[in-house]
Amino acid sequence: MSDRGSGSPAVSVQRLVKRYGERIAVDDVTFEVAHGETVALLGPNGAGKSTTVEILEGYRRRDAGTVRVLGTDPAGGGLDWKARIGVVLQSTGDAGSARAREQLAHFAAFYPAPRDVDEVLDAVGLASAARQPVRALSGGQRRRLDVALGIIGRPELLFLDEPTTGFDPEARHRFWGLIRRLKREGTTILLTTHDLDEAAALSDRAAVIAGGRLVDVGPADRIGSAGARIPLVRWRDARGVHEQRTKDPGRLVASLVATGGEPDALEVVRPSLEEVYLDLLRSHRSREEQPA
Ligand code: ADP
């Protein structure tokens with residue numbers, strides 16, 4: 001049963017805590033994902049992303065906090081709940097002798113309202129490889145089969161972990177198109193990625209985790225400090241290439257144009273999500289290192 005109309009978010013995480021022995025892996029994390037939203041979970045290795053996601057998927061128990069995924073506590077989520085969730089893990093499962101289409105059709109049979117197998121093969125760009133044994137697929141094709149397996153059950157919520165690692169740029173863009181299509185169909189997506197361009201291209205909001213704590217959450221073009229978001233104006237003249245950071249690039253460009261016409265190679269460069277993210281981590285670390 002869908003809780004979409006209930007006004008509650010697809011994912012709600014309140015004050016989540018997870019310890020492994022003495023080590024605190026997730027430290028009082030709170031965030032929500034709305035229905036239909038794509039949220040990118042970002043953070044360095046060891047930040048607590050996988051632990052958080054595994055708790056949401058029902059694979060790990062939490063020590064404290066409240067978690068609801070599609071209205072259900074994942075710690076007690078049954079088969080009906082699991083059928084509403086799609087998971088694309090980082091590691092590829094074993095690649096037996098089954099053919100790609102057979103494997104997908106086999107998994108489709110577990111779900112109450114699966115997508116059409118051939119449509120999914122087509123959507124992930126595997127139609128021409130459908131009859132190949134899984135073990136004969138290339139790395140990128142295997143990854144696309146992972147995604148196909150994750151979406152075959154028509155999940156309301158899709159967990160994607162590093163989905164495009166090892167893709168060539170063309171395959172990556174094609175994959176982004178597929179994710180946008182799922183999003184247009186209303187799928188809620190929680191994406192874990194180290195690829196900041198991917199996060200910027202696909203997510204409505206990004207949540208940055210470091211040292212088990214939520215450092216910032218917001219739209220990719222708004223998170224981070226104002227200082228890290230100051231645009232750079234770059235241009236070239238007879239003396240060489242010039243760069244100037246300014247909060248008001250329009251004014252600088254207008255004054256350049258007024259004094260000498262439009263300069264060559266004029267660019268206004270807004271800091272990328274990657275730059276903003278690195279700045280966030282630097283500030284987080286320097287705060288953590290300060291004596292209390
Ligand atoms: P990320 O996915 O962001 O790389 P993880 O959630 O895997 O981070 O790990 C968070 C912290 O918890 C790390 O310090 C990691 O070493 C520790 N950790 C993760 N899984 C386990 C485990 N099964 N047992 C003990 N410590 C773990």
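This passage describes the surroundings of the ligand, the helix H1 beside it and the nonpolar cores of a predicted model.

The shell of residues around the ligand consists of Tyr20, Arg23, Ala25, Pro44, Asn45, Gly46, Ala47, Gly48, Lys49, Ser50, Thr51 and Arg60. Strand S2, which spans residues 23-33, and helix H1, which spans residues 49-57, each supply at least two residues of this shell, and the largest share, 3 residues, comes from H1. Polar atoms of the protein approach oxygen atoms of the ligand at several places: a backbone N or O atom of alanine 47 lies 3.0 Å from one such oxygen, a polar side-chain atom of lysine 49 lies 2.8 Å from a ligand oxygen, and an N or O atom in the side chain of serine 50 is found 2.5 Å from a ligand oxygen. Of the 560 Å² of accessible area that the ligand has on its own, the protein covers 64%.

Helix H1 is itself largely enclosed by the rest of the structure, because 7 of its 9 residues are buried. These buried residues are Lys49, Thr51, Thr52, Val53, Ile55, Leu56 and Glu57. Threonine 51, which has its place in helix H1 and also belongs to the shell around the ligand, has a relative accessible area of 9%, and it therefore counts as buried, a term that applies under 20%. When its neighbours within four places in sequence are left aside, threonine 51 is in contact with Lys18, Tyr20, Ala25, Val26 and Arg60; among these residues, Tyr20, Ala25 and Arg60 are also found around the ligand. Just after H1, glycine 58 takes a positive phi of about 85 degrees.

The largest nonpolar core of the model has 47 residues, and those with the most contacts inside it are Leu42, Leu104, Leu145, Leu160, Phe175 and Val208. Helix H6, which covers residues 169-184, provides the largest share of this core, namely 6 residues. The core draws at least three residues from domain 1 (4-219) and at least three from domain 2 (227-289). For leucine 160, the contacts that remain once its neighbours within four places in sequence are left aside are with Val88, Phe175, Ile179, Ile189, Leu190, Leu191 and Thr192. A second core, separate from the one just described, has 25 residues, including Val13, Val26, Val39 and Ala47. Two of these residues also appear in the account of the ligand and its surroundings, since Ala47 is part of the shell and Val26 is in contact with threonine 51.

Key
Residues numbered from 1 in each chain as written. Predicted model: local features only at pLDDT ≥ 70, side-chain atom pairs only at ≥ 80, totals over all residues. Heavy atoms only, no water. Core = buried A, V, L, I, M, F, W, Y, C linked by side-chain atoms within 4.5 Å. Buried < 20%, exposed > 50% of the residue type's maximum accessible area, 1.4 Å probe, protein only. Helix = DSSP H or I, 4+ residues; strand = E, 2+ residues; numbered from the N terminus. Domains from an automatic or database assignment. Contact = heavy atoms within 4.5 Å. Near = heavy atom within 4 Å. Polar contact = N/O pair within 3.5 Å; in protein donor to acceptor, adjacent residues only side chain to side chain. Areas by Shrake-Rupley, 256 points an atom, 1.4 Å probe, with all protein chains shown as cover.
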